[in-house]
Amino acid sequence: MAPPRLIIVLLRLYPLLLGVNFSFTGDGDRNGVAVGFDNYLELFRDPLFRTALGNVGLLVLLLPVAVAIPGLLATFIYLRVPGHRLYRGVYFFPAVLSPVIVGAIFNLLLAFDGPLNSLLGAVGVAPVDWLGDPDLAMFMVVGVHVWATFGMGLVVFLAGFATLDAALLDAARMDGASLPQVIWHVIVPGLSRTIQFVFVTTMIGMLTSMFGLLYVMTSGGPEGSTYLPEYYIWIQQGQMNRPALASAASTILFVIMLVVGLLQIKLLSRAGREA
């Protein structure tokens, strides 16, 4: 066990501690000078960072939907609905596309004069500024991210189904259980560990892997409404040349992921026992 533990310490824990320590130093003329909690106070005074934190809350609320979609589709594939082999490949295909390609495609589809608004106009609905409306833009980016990544969760769920005792499903069918009852009383408890894993990995992906879509689709706009911590960190590090402030934002993002992940595991474990 020593070699993998050493790799984790050197390549994960040590850089993490360096980043946390760096967040308590200054930028520019105060580079390397200890400034205490000044960076953190500045972050919470910045309306863009507060917007980014608010969008994190939105992602947490939408997380069950992002997990339920691959879970339900994997259930239908496992139950061998007609065409299940074709669906398996079709659903996974978006996962192999680059976020830049996905973002460019949906920029065309969601443009004000794009195909979606043309379709709405054909049925008498006024065009919608999907990516230019601050109230809609974040939902559109999250929806595109879910579409592009749920194939990986689908594969994990299918792997979990391989460990499920088929006799339990047969017994439930013989007892006259409906599909919702089978899902809630047989599949959910049987896949509790898989569900926990998909919840945590999906959450991490939503918080740390949406930069490509944000950059291509909205660049943080309109009016900063689609900022997420990872995009804010890139702005501070790459454009504003403020690595210490970016390190403070990274530390906050890490704490958020840690707390939310632990809460999810606890809640899901309780739900699995009750089911």
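What follows is a conversation between two people about salt bridges and exposure in the structure above.

Colleague: What kind of model is this, and what limits apply to the values?

Modeller: This is a predicted model, in which local features need pLDDT of at least 70 and side-chain atom pairs count only at pLDDT 80 or more, while totals for chains, interfaces and linings use all residues. Residues are numbered from 1 along each chain as its sequence is written, and side-chain values use heavy atoms, with hydrogens and water left out.

Colleague: What makes arginine 30 and aspartate 38 a salt bridge?

Modeller: A salt bridge is a side-chain nitrogen of Lys or Arg within 4 Å of a carboxyl oxygen of Asp or Glu; the N to O distance for arginine 30 and aspartate 38 is 3.6 Å, so the pair qualifies. By this rule the count comes to four salt bridges.

Colleague: Why is the salt bridge of glutamate 42 and arginine 242 said to tie together parts that are apart in sequence?

Modeller: Their side chains meet at 2.6 Å, N to O. Glutamate 42 lies in helix H2 (residues 38-45; helices, H or I, are DSSP runs of at least four residues, numbered from the N terminus), and arginine 242 lies in the loop between H12 and helix H13 (243-274), so the pair ties together parts that are 200 residues apart in sequence.

Colleague: Why is glutamate 223 called exposed, but serine 219 partly exposed?

Modeller: Buried means under 20% relative accessible area, exposed over 50%, and partly exposed in between (1.4 Å probe, protein chains only). Glutamate 223, at 74%, therefore counts as exposed, whereas serine 219, at 41%, counts as partly exposed.

How values were computed
Helix = DSSP H or I, 4+ residues; strand = E, 2+ residues; numbered from the N terminus.
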